[in-house]
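Please open the model in your viewer and keep the sequence panel beside it, since this tour moves from one selection to the next. Each stop says what to select and then what is found there.

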Amino acid sequence: MYSSRALHNSKYSKRRKKQKIRAYAIVVGLFAVIVALFSYIFHVDTFRIRDVSAKGTTLVSPKDVESLIRADLDGSYWSLIPRDNAFLYPASQIKDKILSTFNSIDTVMIQRKSLRELEITLTERKTYALGCVGNPDISGVVEDDDETVCMAIDKKGLAFIESPDFSAGVYTKFFNRKKGSELKLGSTVLTPAELAGLESVAKLFASKKYTVTGMVLADEGWYEAHLKGVSGRMTVVFFDDHDGFEKAEKNIGLFLDERRKVAPGAGDEFEYIDARYGNSIYYKIYGSKADTSDATAEGTENDPNNEDPMRFVQ
């Protein structure tokens, strides 16, 4: 009796095992059929991108962008699904690759015109200022020395293309001399906030009839503005952003206005102006031997007889 029951259980167990194997085989087979079917559908030529067009760029050849995209559409996912499938093409990857390859391109919009055509609309960065290496004009005779090299930078401070020659005053030139700084395509020459603040200061100088030949960025938040006056004489203005660019701009503006009240037509006579000492501004006039402190900035009084201990003689 026991032997007969054990034999029955053994046969039942084998039958169950065969049923499980058969079920697994059916599931695997169905899965393989579904994968093959989808792979076939995704490979149908009707659903594959064959035409790529790029527009909106002049600094970069549209053909270069199109070639980059076509190269990114080659191949397949897991050796099953083509990357150029109209429903599964890698849009985000294409966008990131365009932006990382072409520094002059600011935005990318990808649109599927049909199941076989992609249209790429590009917008380019606009020149807001120039990032330079070399030396700003300190002679008043030549625009730059032979070693000056500039790149166009956008409103975010990013260098995106080697700059062609521009007439003096068209764009402000920024010379970044901070430790570790490097001028190269794709590098950030200065932050957007720094760029906006310095451009505002540059506009102040322009309103006072100066041509800004260069702005120098130094460590510790110090800056130099190299200016050419109407007479052609050069003035260097030293300032910082320790209390914000607005405060520096206001103090310098008040100082220049006060000087022109005292001496109408003045402005070209400064060899340098140093506004790095809070509300006290030091300056040197061409032909004078001594530096002079002037407290014409906000919150101070102007005392021409002030024997300030910080006054020094060259």
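Bear in mind throughout that this is a predicted model. Begin with the largest nonpolar core, which has 32 residues, and select Phe174, Phe205, Met215 and Phe239, the members that touch the most other members of that core. Next, colour the elements that each supply at least two residues of this core: strand 7 (149-153), helix 4, strand 10 (211-217), strand 11 (222-228), strand 12 (234-240), helix 5, strand 13 (270-277) and strand 14 (280-285). Among these contributors, helix 4 provides the largest share of the core, with 6 residues. In soluble globular proteins, nonpolar side chains tend to be buried together.

Now centre the view on Phe205 and display its surroundings. Which residues is Phe205 in contact with, leaving aside its neighbours within four places in sequence? They are Tyr210, Val212, Met215, Ala225, Leu227, Val237 and Ile252.

Keep Phe205 and Ile252 in view, and select helix 4 (residues 192-207) together with helix 5 (residues 245-262), which pack at an angle of about 10 degrees with their axes 10 Å apart. Because angles under 35 degrees count as roughly parallel, helix 4 is roughly parallel to helix 5. To see where they meet, show Ala193, Glu194, Gly197, Leu198, Ser200, Val201, Leu204 and Phe205 on helix 4, and Phe245, Glu249, Ile252 and Gly253 on helix 5. The residues of this contact divide into 7 nonpolar, 3 polar and 2 charged.

Move then to an open sheet of 3 strands, whose order is 1-5-4 and whose pairing is mixed. Strand 1 (51-55) and strand 4 (105-114) stand at the edges, each with a single partner strand, so one side of each has no neighbour in the sheet. From one strand to the next, the twist averages 20 degrees. Select strand 1 with strand 5 (residues 117-124): the two run parallel and are joined by 5 bridges, and one pair to pick out is Ala54 with its bridge partner Ile120 in strand 5.

With the sheet still displayed, add helix 2 (residues 62-73), which packs on it and touches strand 1, strand 4 and strand 5, its direction making about 140 degrees with that of strand 1. Add helix 3 (residues 91-101) as well, which also packs on the sheet, where it touches strand 4 and strand 5, and its direction makes about 145 degrees with that of strand 4.

Key
Residues numbered from 1 in each chain as written. Predicted model: local features only at pLDDT ≥ 70, side-chain atom pairs only at ≥ 80, totals over all residues. Heavy atoms only, no water. Axes fitted to C-alpha atoms, helices over the stretch in contact; angles between N-to-C directions. Helix = DSSP H or I, 4+ residues; strand = E, 2+ residues; numbered from the N terminus. Parallel < 35°, antiparallel > 145°, perpendicular 65-115°, else oblique. Contact = heavy atoms within 4.5 Å. Nonpolar A, V, L, I, M, F, W, Y, C, P; charged D, E, K, R; others polar. Pairing = 2+ DSSP bridges. Core = buried A, V, L, I, M, F, W, Y, C linked by side-chain atoms within 4.5 Å. Buried < 20%, exposed > 50% of the residue type's maximum accessible area, 1.4 Å probe, protein only.
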